Each structure stands twice: as C-alpha cells, then as structure tokens.
Amino acid sequence: MKKKSAWMMLAPGLLILLVCLAIPLCKVLIPTITAGSYPFSQYVEFLQDEYYQKIFLRTIRIAVITTVICMIGGIPTAYFISRCPKKWRGLLLAASIFPMMTNSVIRSFAWINILGSNGIINNFLKFAHIIERPMKLLYTDFSIIIGSVYLFLPLMIVTVTGVMENIDDDMMEAAQSLGADRLSAFMKVIFPMSLPGIIVGGTLVFTGTLTAYTTPQLLGGNSNMVLATLIYQRAMSVGDWNGASVVALVMIVVTLLVIKGLNAFAAKLDKRGA
C-alpha cells in the first residue's frame, strides 16, 4: 500500500513532465537524429565545424570560470552568513537575493553603463590618468563572465548557506581543539560536510550560465556568440530548427556530464575528508 500511495502521489508530477517536457523534447530532437545522410550526421558536422567548435568551447569556458568564481566568492560568504546571529542572517540573505529581484535585462544594461567606453570604469581610469584611451571591456568574454557572476552568485550563496546552517559549531571547535587552525578545520570539516550544497549550487550556476541568453546577448554582442545565442540565431534568424535542436541536445548532454562529474568529484573529496 505504501508503494502504491507513493506512486499515486508521484503520478501528477510525472504526467506533467511527460506531457510538457518529454514528449515535446522528443518531437524536437528525434528529427535531428534521423536527418542527414546517416544517423547523427548533423551532430558530427556540428562537432567538426571550426566555427561551432569555437562557440562551444567559449560557452564551456565561460560557464566553468563563472562557476569557479561563484564558488570562491560564495562559499566563504555563505559560511559567514550561516554563523551570524539569526536576526542578521535573514537580512544578509535578503541582501544577497536582492539583485535577483531585478530583471536580467535591466541588470545587463547597468553593466553596459559600467563597462562601456564611456562607462564608469573607463571614465575613472581616464580621470586618474591611468589610461589615455578607453579599454575594451564591453562585448568581450570578460563582460559576459562579470554579468554571469553577478547574476548567479546569489544562487550559490543561498544554496550553500542552507547546508552550512545545519552544521554545528562544535565541529569546528572540536577540530581546533585537536590542533587544527581555523582554515584547516574549515577545509577538513566544514567543506566536506557542505559538499551537497556546493554541488547543487555549482550545478545551478553552471547550467544557468550555459543556457543564459540575455546576459551574453547584451554584454557579449554578436561577436562573442555562445550556444544560447546560437540557438536563437539558427531558429529565429535562419529558420534552421533542426540546427537549433542539435545545439540544444549538445547543451543537455554537456549539462548531464557536468552533473555526473561534479557528483563523482564530490564523492572523491568526501572520502578524503573522511
């Protein structure tokens, strides 16, 4: 009866996923497999094309760098928030989430004003006589990474904070009482115990950056295309829906591989911590 009740509770959600996700996805992706002179020929052509290779590698590089930066900035911040008194914890979490309450288009335009040739950074550097001509900060990979970090860092902070809140302070005190300094105690005790949240946060940041369209389009421009903007170009500008579907499936496969790799890496680190 328990198994039957569990399946009955899962049935509505599974039905929605089947009708709204699985079936439409299969209808879009199956033609890409059968089209061409032989099965998967479009995927082979995609992977062999130098132009698509550059876009693919650029997207992966931006997603990885963004994820690493969010981890470096988010984990210490999450630990600090999790150890604050409860009355301050909620306020700090609200401040962390606040940027997400603004539309991504508005946030991207704000970065255009900051990174542009006549933006805040270039005007300050010229005023300080550090540079004579404006630096090219906008419409580069750098601007996409900056915008992506600003966009997804709150996800990392909130996810990791939720896990670290449940770790007792006595764990750190016990490690320090055995001779470990604060950094060693954090890396050997808190970090391994926080891995579930770090993996979830890293996955959210990576997949979000990999599939983001607005930020790369506004901050990267047409000269720094990523997979998401390539999908839009193939589908809406060229009318090549099969080509857009090929790119979409490549993104899905990459996401699944990254999730599997992060889980394997977490399991390996967890053994070391144990």
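In which helix is the place of Thr59? In this predicted model, Thr59 belongs to helix α3, which covers residues 50-82. Thr59 counts as buried because its relative accessibility is 3%, and the cut-off for a buried residue is under 20%. The side chain of Thr59 comes to 3.0 Å from the backbone nitrogen of Leu227. When residues up to four places away in sequence are not counted, Thr59 touches Leu210, Val226 and Leu227.

Thr59 also takes part in the lining of an enclosed space, the second largest cavity. The other residues of this lining are Ile62, Ile144, Thr209, Pro216 and Val226. Val226 is thus named both in this lining and among the residues that Thr59 touches. The volume of the second largest cavity is about 30 Å³. By residue class, its lining consists of four nonpolar and two polar residues, with no charged residue.

In total, two cavities of 30 Å³ or more were counted. The largest cavity has a volume of about 40 Å³. Its lining is made up of Ser104, Arg107, Ser108, Trp111, Gly147, Tyr150, Leu151 and Thr215. Two or more of these residues come from each of the helices α5 (104-115) and α7 (141-164). Helix α5 makes the greatest contribution, with four residues. In the lining of the largest cavity, three residues are nonpolar, four are polar and one is charged.

The nonpolar cores were examined next. The largest nonpolar core holds 30 residues, of which Ile75, Tyr79, Val160, Met164, Phe186 and Ile190 touch the most other members. The elements that supply two or more residues to this core are α3, α7, α8 (169-177), α9 (182-193), α10 (195-211) and α13 (241-273). Among them, α7 gives the most, with eight residues. Helix α7 therefore appears in two settings, as it also gives two or more residues to the lining of the largest cavity.

Ile75, one of the core residues that touch the most other members, is in contact with Cys70, Met164, Phe186, Phe191 and Ile198 once its neighbours within four places in sequence are left aside. Of these partners, Met164 and Phe186 are also listed with Ile75 as touching the most other members of the core.

Another core, of 17 residues, lies apart from the largest one. Its members include Ala63, Leu227, Met251 and Val254. Leu227 is also the residue whose backbone nitrogen is reached by the side chain of Thr59.

Key: Residues numbered from 1 in each chain as written. Predicted model: local features only at pLDDT ≥ 70, side-chain atom pairs only at ≥ 80, totals over all residues. Heavy atoms only, no water. 1 Å grid on protein atoms, 1.4 Å probe; cavity = no way out; pocket = protein on both sides within 12 Å on 5 of 7 lines; lining within 4 Å. Points joined across faces, edges and corners; volume = space filled by probe spheres on them. Nonpolar A, V, L, I, M, F, W, Y, C, P; charged D, E, K, R; others polar. Buried < 20%, exposed > 50% of the residue type's maximum accessible area, 1.4 Å probe, protein only. Polar contact = N/O pair within 3.5 Å; in protein donor to acceptor, adjacent residues only side chain to side chain. Contact = heavy atoms within 4.5 Å. Core = buried A, V, L, I, M, F, W, Y, C linked by side-chain atoms within 4.5 Å.
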